[in-house]
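Reader: I should be grateful for a close look at one part of this protein. Please begin from a single residue and work outward to its surroundings.

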Amino acid sequence: MAETILKTEHIAKAFGAHQVLADVGFQIGSDEIIGLLGPNGSGKSTLLNLISGFGGADAGDVTFLGSSIVGLAPHQIAQRGLVRTFQLPSMPHRMTVREVLRAGSRERAGLLDAFRRDAGEDNAEELLEQFALKSVAHQPASSLSGGQKKLLSIAVALRTHPKLLCLDEPTAGVHPLLRGHMVDLLKAINRRGVALLVVEHDMHFIHELCQRCIVLDRGSIIAGCAPCELAQNERVVEAYLGKSLERQKVLA
């Protein structure tokens with residue numbers, strides 16, 4: 001059985017009188033690909049922010065590789081090997097796609113560690129090829145389409161050699177023809193020892209990629225199951241789509 005790489009316990013978060021997360025607890029194995037699902041407003045983004053250090057919980061604990069990361073800054077959490085992407089990645093105006101990708105290797109453990117790496121470990125060109133960015137490598141990163149920026153952000157995250165990669169809606173804006181390719185890439189990355197936590201609305205993508213799903217509704221976990229079981233889970237169907245059996249097909 002794979003070791004637990006991430007564990008949350010009794011996580012709670014409120015904004016004023018609005019309880020966004022309540023007693024959220026789950027764990028991720030070091031070899032897993034987990035989908036984090038739920039209707040709009042269910043608390044997915046808030047939970048991802050708390051895990052990655054971009055927000056603080058009111059209560060509870062988050063442990064990564066056996067140690068609490070509560071209170072650590074995002075860059076400190078990234079240095080430990082937990083890296084995330086964003087729904088709307090921003091890119092620098094004065095750096096090319098290749099320069100952004102090459103700079104990404106320095107963000108996990110600092111400049112000194114990056115310079116100690118052998119040249120053979122520099123996989124920037126390989127990632128440009130894998131993520132279909134080779135043809136735009138010399139263009140300013142800020143000039144990319146929304147989908148290309150999303151692909152570049154994932155490639156940059158991989159340059160930090162994460163142990164857990166959290167992806168916030170990775171297919172948003174990505175051309176449909178590239179989504180199947182992305183599934184293959186992410187599965188290959190997982191086989192090389194990177195666990196994945198994926199926030200996504202594209203159910204076909206979830207079915208193709210994820211081994212297990214965690215479903216939030218109104219700030220609480222209502223299900224933890226395989227993607228193929230989502231459409232048969234009454235609580236999930238009701239929370240996500242209402243009780244219509246016709247709409248249930250969206251989860252299948």
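Is Leu6 buried or exposed, and at what relative accessibility? Please then describe what surrounds it.

Author: The model is a predicted one. Leu6 has a relative accessibility of 0%, and because buried means under 20%, the residue counts as buried. Leu6 is found in strand S1, which covers residues 4-15.

The contacts of Leu6 show what encloses it. Leaving out residues up to four places away in sequence, Leu6 touches Phe26, Gln27, Ile28, Ile51, Val62, Thr63, Phe64, Leu82 and Leu164. The C-alpha atoms of Leu6 and Ser67 are 9.3 Å apart in space, although 61 residues separate the two in sequence. For the chain as a whole, 65% of the contacts between residues at least 6 apart in sequence join residues at least 24 apart.

The sheet may be taken next. Strand S1 belongs to an open sheet of 4 strands, in the order S2-S1-S4-S5 and with antiparallel pairing. Strand S2 (18-29) and strand S5 are at the edges with a single partner strand each, so one side of each has no neighbour in the sheet. S1 and S2 run antiparallel and are joined by 8 bridges; among the residues involved, Phe15 has His18 in S2 as its bridge partner. S1 also pairs with strand S4 (residues 59-64), again in the antiparallel sense, over 5 bridges. Ala12 is opposite Ala59 in S4. In a regular strand, side chains point alternately to one face of the sheet and the other.

From S4 the sheet continues to strand S5 (residues 67-68), with 2 bridges in the antiparallel sense. Phe64, one of the residues that Leu6 touches, has Ser67 in S5 as its bridge partner. S4 and S5 form a hairpin with 2 residues between them. Leu65, in the turn of that hairpin, has a positive phi of about 55°.

Another contact of Leu6, Ile51, leads to helix H1. This helix spans residues 44-52, and 7 of its 9 residues are buried, so H1 is largely enclosed by the rest of the structure. The buried residues are Lys44, Thr46, Leu47, Leu48, Leu50, Ile51 and Ser52. Gly53 follows H1 and has a positive phi, near 90°.

The nonpolar cores place Leu6 in a wider setting. In soluble globular proteins, nonpolar side chains tend to be buried together. The largest nonpolar core here has 48 residues, of which Phe131 and Leu152 touch the most other members. Helix H6 (residues 146-159) supplies the largest share of that core, with 7 residues. Leu6 is in a second, separate core of 26 residues, which also includes Val20, Phe64 and Val199. Returning to the largest core, Leu152 is in contact with Met91, Val97, Val100, Leu101, Leu133, Ala141 and Leu144, its neighbours within four places in sequence left aside.

Phe131 also appears in the lining of the largest cavity, together with Gln130, Leu151, Leu178, His181, Met182 and Leu185. The count comes to 1 cavity of 30 Å³ or more, and the volume of the largest is about 30 Å³. Helix H7 (residues 176-191) gives the most to this lining, with 4 residues. By class, the lining holds 5 nonpolar residues, 2 polar and no charged.

Gln130 lines the second largest pocket as well, where the other lining residues include Asn123, Glu126, Leu127, Lys163 and Arg192. That pocket has a volume of about 290 Å³. Helix H5 (residues 124-130) gives the most to its lining, with 3 residues. The classes in the pocket lining are 5 nonpolar, 4 polar and 3 charged residues.

Finally, the chain as a whole gives the background for the residue requested. The secondary structure of the chain comes to 9 helices and 10 strands, and 49% of the 252 residues count as buried. Leu6, at 0% relative accessibility, counts as buried, and the second core of 26 residues includes it.

Conventions. Residues are numbered from 1 along each chain as its sequence is written. This is a predicted model: local features need pLDDT of at least 70, side-chain atom pairs count only at pLDDT 80 or more; totals for chains, interfaces and linings use all residues. Side-chain values use heavy atoms; hydrogens and water are left out. A nonpolar core is a set of buried Ala, Val, Leu, Ile, Met, Phe, Trp, Tyr and Cys residues joined through side-chain atoms within 4.5 Å. Buried means under 20% relative accessible area, exposed over 50%, partly exposed in between (1.4 Å probe, protein chains only). Contact means heavy atoms within 4.5 Å. Two strands pair if DSSP finds at least two bridges between them. On a 1 Å grid over the protein atoms alone, a cavity is a set of points where a 1.4 Å probe fits but cannot get out, and a pocket is an open set with protein on both sides within 12 Å along at least five of seven lines; lining residues have an atom within 4 Å of a point. Grid points are joined across faces, edges and corners, and a volume is the space filled by probe spheres set on the points. Ala, Val, Leu, Ile, Met, Phe, Trp, Tyr, Cys and Pro count as nonpolar, Asp, Glu, Lys and Arg as charged, and the others, Gly among them, as polar.
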